[in-house]
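Q: I'd like a close look at the aromatic rings and whatever surrounds them. Please take me through it in one go, and give me the cut-offs as you use them.

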Amino acid sequence: MRAPKFWVLDRPDCTDYDHSLINGSLEHPFGLPGVKCSVCGETSGGMRILPVTCPAALRRRKQLTNPWPISLEAHKTLQNLVRREFAKHGVKLGALFPGDSFQPSYLSVPSRPRVDFLWSSLGSLVVSQRVKTVFEQCALNDVAFSKVKMRKIGRREAKLPAPIPSTGEPEDLINELPLLTSTAGLEPYYEVIILKDSGFPPGGTPKSICAGCGRPEIDDATRKITMTSEMWRGEAVFFLATTLYVIVTDPVKRLLQKIGASNVVFNKI
């Protein structure tokens, strides 16, 4: 199979205040904490998002709502408990890692969301129904979808430039702008969970993988942030391995451009 051109999906350049006003933030309240690993000696936690809904019984456990690192031994025990609880609901989990997040996700935006891409999350995409349809048409095996829950949504349109909150912190816009009393009439948004990765980039093959926590040791000095045809595994949407860069192929880019997808740019890689 001949490799196509590759593009990184990215947000348009804007100020931190404009970014906060337009995109808001996406929260995953339930997930595994970080780990203090007794094997490699590192304290770490990843940013992987899983397309499975956290069972109600697990939502009451403090360790599933507090990302603070725990010991490797406690983490292994917690992983086994999580697997057993998911299995009761017919969900068989594969390998789990520190920092893994579960569904549902909750969206807060200081303005009324109108654009096709909301850059509210690291490790996933938040998109409109019509972008979801594009991904369903050409990348259904590469991604999973979860409808986001609307939490705090602003009444005003995202008229730029954004106001500056009294604290000076962009994330505090959500606390100072008027909010909708009901989100019932809003168009739905979906979290797109990326399921596939490229091969390792040049210089990015892990030097080692911890036998305890599974943390890969990557040499950032030698790793090149690039995408080559040899790294491609045939997917239409995927992560550049060892990064959170979301890559799409040329056919996906053309479809998104055809519908006039807003609040997204395509950077050649």
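A: Lys132 sits over the face of Tyr190, 4.9 Å from the ring centre. To count as over a ring, a charge needs NZ of Lys or CZ of Arg within 6 Å of the ring centre and within 35 degrees of the ring normal. Lys253 does likewise with Phe266, at 5.8 Å from the ring centre. This is a predicted model, in which local features need pLDDT of at least 70 and side-chain atom pairs count only at pLDDT 80 or more, while totals for chains, interfaces and linings use all residues. Residues are numbered from 1 along each chain as its sequence is written, and side-chain values use heavy atoms, with hydrogens and water left out.

Now for rings against rings. A pair of aromatic rings is described by the distance of the centres and the angle of the planes. Rings of Phe, Tyr and Trp (its six-membered ring) pair if the centres lie within 6.5 Å; planes under 30 degrees apart are stacked, over 60 edge-to-face, and the rest tilted. By that rule there are 4 aromatic pairs. In one of them, Phe6 and Phe238 have ring centres 6.1 Å apart and planes at 80°, so the pair is edge-to-face. This contact links distant parts of the chain, since Phe6 is in strand E1, Phe238 is in strand E16, and 232 residues separate them. (Strands, E, of at least two residues and helices, H or I, of at least four are DSSP runs numbered from the N terminus.) Phe6 and Phe238 are both buried, where buried is under 20% relative accessible area, exposed over 50% and partly exposed in between, with a 1.4 Å probe and protein chains only. Another pair is Phe117 with Trp119: their centres are 5.8 Å apart and their planes at 15°, so this one is stacked. Phe117 counts as buried at 1% relative accessibility, and so does Trp119 at 14%. Back with the first pair, ring pairs tie Phe6, Trp232 and Phe238 into a cluster.

Which strand has Phe6 and Phe238 facing its residues? That would be E17, where Phe6 stands opposite Thr249 and Phe238 has Ile247 as its bridge partner. Two strands pair if DSSP finds at least two bridges between them. E1 (residues 6-10) runs antiparallel to E17 and is joined to it by 3 bridges, and E16 pairs with E17 in the antiparallel sense over 3 bridges. Within E17, Val246 and Val248 point one way, Ile247 and Thr249 point the other, and all of them are buried.

Follow the E16–E17 hairpin round its turn, with 6 residues between the strands, and you meet Thr242, whose phi is positive, near 75°, although Thr242 is not a glycine. The residue is partly exposed, with a relative accessible area of 28%. Asn263 makes a handy comparison: its phi is also positive, near 65°, but it is buried at 16%, in the loop between helix H6 (250-258) and strand E18 (265-268).

Thr242 also brings us to the largest pocket, since it is among the residues nearest the pocket's centre, along with Gly46, Met47, Arg48 and Pro216. A pocket is found on a 1 Å grid over the protein atoms alone, as an open set of points with protein on both sides within 12 Å along at least five of seven lines, and lining residues have an atom within 4 Å of a point. The volume is about 1200 Å³, taken as the space filled by probe spheres set on grid points joined across faces, edges and corners. Of the 34 residues in the lining, 18 are nonpolar, 9 polar and 7 charged. Here Ala, Val, Leu, Ile, Met, Phe, Trp, Tyr, Cys and Pro are nonpolar, Asp, Glu, Lys and Arg charged, and the others, Gly among them, polar. Strands E5 (49-53) and E13 (189-194) each supply at least two lining residues, with E5 giving the most, 3 residues.

Conventions: 1 Å grid on protein atoms, 1.4 Å probe; cavity = no way out; pocket = protein on both sides within 12 Å on 5 of 7 lines; lining within 4 Å.
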